[in-house]
Amino acid sequence: MSVFGQSVTRLEDAPLVRGQGAFAADIDFPRQLHMRVVRAEMAHARLLSVDVAPALALPGVVAAWSAADVQGVPPIPFRATKVRGLEPYCQPILARDRVRYVGEPVAVIFAEDAAMAEDAADLVLVDLEELPALLDAAAPPGDFDGARDTEPTIVRKAYGDVDAAFREAAHVVALDLSIGRHSGVPMETRGAIARYDAAMDVLELHGTAKKQHWNRDEIARLLGRAPSSVHLFEGHVGGGFGVRGELYPEDLLVCLAALRLGRPVKWIEDRREHLVATNHSREQRHRIRAAVDAQGQILGIDNVFFHDQGGYIRTHGARVADMSAGLLLGPYRVPAYRVAGHFRLTNKTPAATYRSPGRFEGSFVRERLMDAIAARCGIDRLAVRQRNFVGVAEMPYARPLDALGTDVVLDSGDYALLLDKALARFGWDARQADVARRRAAGECVGLGLGFFVEKSGLGPSDGVRLTVDATGAVELVTGAASVGQGVETVLAQIAAAALGVEYRRVRVLHGRTDRIEFGSGAHASRVTVMSGSATHQAGLALAALAKATAAAMLQAPADSLTIEAGVVRRAEGAGGASVTLGEVARALAPGSALSRERATPGLTVESWFHSDHMTYPYGVQMAQVAIDRGTGTVKVEHYLCAYDVGRAVNPMLVEGQIVGGFAQGLGGALYEAFRYDERGQPLSTTFADYLMPTIAEMPPLDVLVTEDAPSPLNPIGVKGAGEGGTNAVGAAIASAVDDALGGRGLVTTLPITPRDVLRMLGT
Amino acid sequence: MSEHAVTLRVNGIAHRLQLPARRSLADALRDGCGLTGTHLGCEHGVCGACTVLLDGVPVRACLMLAVQAEGAEIRTVEGLAQGATLHPLQQAFIDHHALQCGFCTPGFLMLAVAMLEEDPDMPEAEMVHRLSSNLCRCTGYANILKAVQAAAAAMAR
Ligand code: FES
Ligand code: FES
């Protein structure tokens, strides 16, 4: 039986359960220095002076820099999209002239040990003249730098005749909806350890994640080096979720210091720093209107939203706002659409992607809208969705829209079928009856749902190199990265199934720029789709090469051979002559007769997979909640995540992604928020103030993974599974809480706090 | 800053260290003893990634000073397996996919070891209550609970 599709245990786990991981803080080099960052303590201020002299006077301090010391280094760049004019808003590696959020790096200390560096950082004198802090992205833009205002761009997309749709509408439904500021907050904080190898003239950066190749190229460019003389290494990564592995000021600072000071430099972020310095996400406000006919059929949607980007533009540019605009419509047929996304800076921590970026927000907005349309038209919440679904016969369904620079073409899906399956699994009708009974008895309970379309498998290309050595061990080198989601196991399963070996024989190397020239890392649920497809192709190509070679060794036609458990033999009957893959590899060693017929020796192939379009998994989530009238607490009594992933390589890992993603969505729906006071001081700087779900907050959770709509866009039919657990949690819980409160459309903001619930109970 | 001579007994082995009084137990284990399996997720006592056992009781190694741990029997994740044989909890975490990134795992393992040593028949509600003292950002916890229950069953056999 093929290992593709089996819930096998992970290759990653053994060192991790033994405490033998290699996380960033676990990496040390002899003679290393420790870096500590001095951060701005005001949200918006003129930076009058920075005096590092008192810090330098402390024993053990080797160097201390402010902006004046790093003049030549350009600001942190962003990955280009069509949007122009963002450059002036990028973040310098140390603040120049102004500080724009609490936590912005202002100076750095390098010392013999971490505690010394921390002591010295307290002595740096930073003279600030406070300016008014802008904290509301929906307020009129303010001044950025005297020459520009705080609205770098407006993301606009449109198709169809929106004005006509509103003229002809039987009803116009208008909502004003807000999503709070929260983020990935992995359990491991960031870390960066740089060292310069003078003998090889190579700069190494360790503790990296997610986007090694892009970061390598940018670090090389910013420091004026050849990309081939900079190498990034990935050890274990304690959670990514979008925020980890982006290029941050600290990454550049350790690299620069390693070059200048001639010693390895280590920086490990502490949790307070993490909560003010690592990318935030999500915060948006949408003013959305829908034109519908009397039956609740959507005629057009017009949306204006405000995206709170925080103090600077970071590596994603305006991508989250772009995705919010381009992917808002989800599973529904919308004849006319117009959106204006005001991408605005404020005096808070810069924002970027977090698991299901733009879609967690968009699903909340769209599904609130669907509930409101149902209420206005007097039809059932399920019926309004069924009525507006893109039908299975319409697939592939091209929207006249783009997102992330590719046209939005929904590749496959049967939305109505999944809704039916989920309703049955959840027991919607029985729960409806139960809710009615309990309400009659005075309880405050409700049901809700959110339907969504995810996106995954962003191209354009991914390649892998697959090699069998003389012992029959298989090595897969990929430019993908792992952030703890099980990449090694999944790729090993795909390779093993295609090649015909045991998956534990496959060692997967990822996130290392010294082993493979190109790579796209791990983001946007792309690894299983893109690297997985390349791996599948490579496995088949390597099997073909092994058979061709074995054919010569066994004096048998290649097409009569099969490979099983690493042994090549004739397909009919287990008896007869055979060779192991290790023997085949030896027969292809340099200089051997068989190797001379090939361009390169060895049992090895490189394979590339290209794709111009994303693939779109889809799902529905359903919630049952009960509200405590006394405290305003929302208790999620039951929850279902239903998700069609096309094909699941490892169902256990897919479920694990969904459950973990759900927990993060639950945080964003009910608990997590980065709060600020009126002067822009962050109030959520410890885990006692930034509340993430513990096991006690987890509801009884049911997961339904379906494989009804394999993707036609790749040879293995897969769609990404990483983000579907998170996508609609805000939507479904808001829908359920609103239902409990009488279905009046009161829930317009995430997270839904007990205080909000008490206020709504009183209305 | 003056240094103190401290002997820490970790997983049955004595480590003689010179360290300042302000050094946390977690830092001493990681930097002084080279036992980097004990992780730091917050350094303010909330996440539990740094959980170790001190005379059998789970403590937050980030909140305790190394000098306070002198004389105690300290156990860390590195001490769980017996050679090639994993502790039943380690095996159960693998079998039930109770880890993704694995950063929180040592803390959860040590927390659970103490739970099962204290009460091998711990009821589920009590397990949930105890496990709620640590944070995991990847798994959504469901499989962690399953793994602890499976290990409890395996250890009872
Ligand atoms: S690191 Fe000790 S509790 Fe978080
Ligand atoms: S497995 Fe990543 S934090 Fe728990």
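**Exercise 1.** Find what share of the 157 residues in chain B is buried.

*Solution.* Set the cut-offs: buried is under 20% relative accessible area, exposed over 50%, and partly exposed in between, with a 1.4 Å probe and protein chains only. Apply them to chain B of this predicted model. Buried residues make up 57%.

Two conventions apply. Local features need pLDDT of at least 70, side-chain atom pairs count only at pLDDT 80 or more, and totals for chains, interfaces and linings use all residues. Residues are numbered from 1 along each chain, chains are lettered from A in the order written, and side-chain values use heavy atoms, without hydrogens and water.

**Exercise 2.** Give the secondary structure of chain B and judge its compactness.

*Solution.* Take DSSP runs, numbered from the N terminus: helices (H or I, at least four residues) and strands (E, at least two). Chain B has 5 helices and 5 strands. Their order is β-β-α-β-β-β-α-α-α-α. Next, take the radius of gyration over C-alpha atoms; the globule rule is 2.2 Å times the number of residues to the power 0.38. Chain B gives 16 Å, close to the rule's 15 Å for 157 residues, so it is as compact as a globular protein of that length.

**Exercise 3.** Determine which residues of helix H4 (residues 124-131) of chain B are buried, and what covers them.

*Solution.* List the buried ones: Met127(B), Val128(B) and Leu131(B). They span an arc of only 100° around the axis (directions from the helix axis to the C-beta atoms), which puts them on the same side of H4(B). Ala125(B) and His129(B), on the other side, are exposed. Now look for contacts (heavy atoms within 4.5 Å). The cover includes helix H3 (105-118) and helix H5 (142-156) of chain B.
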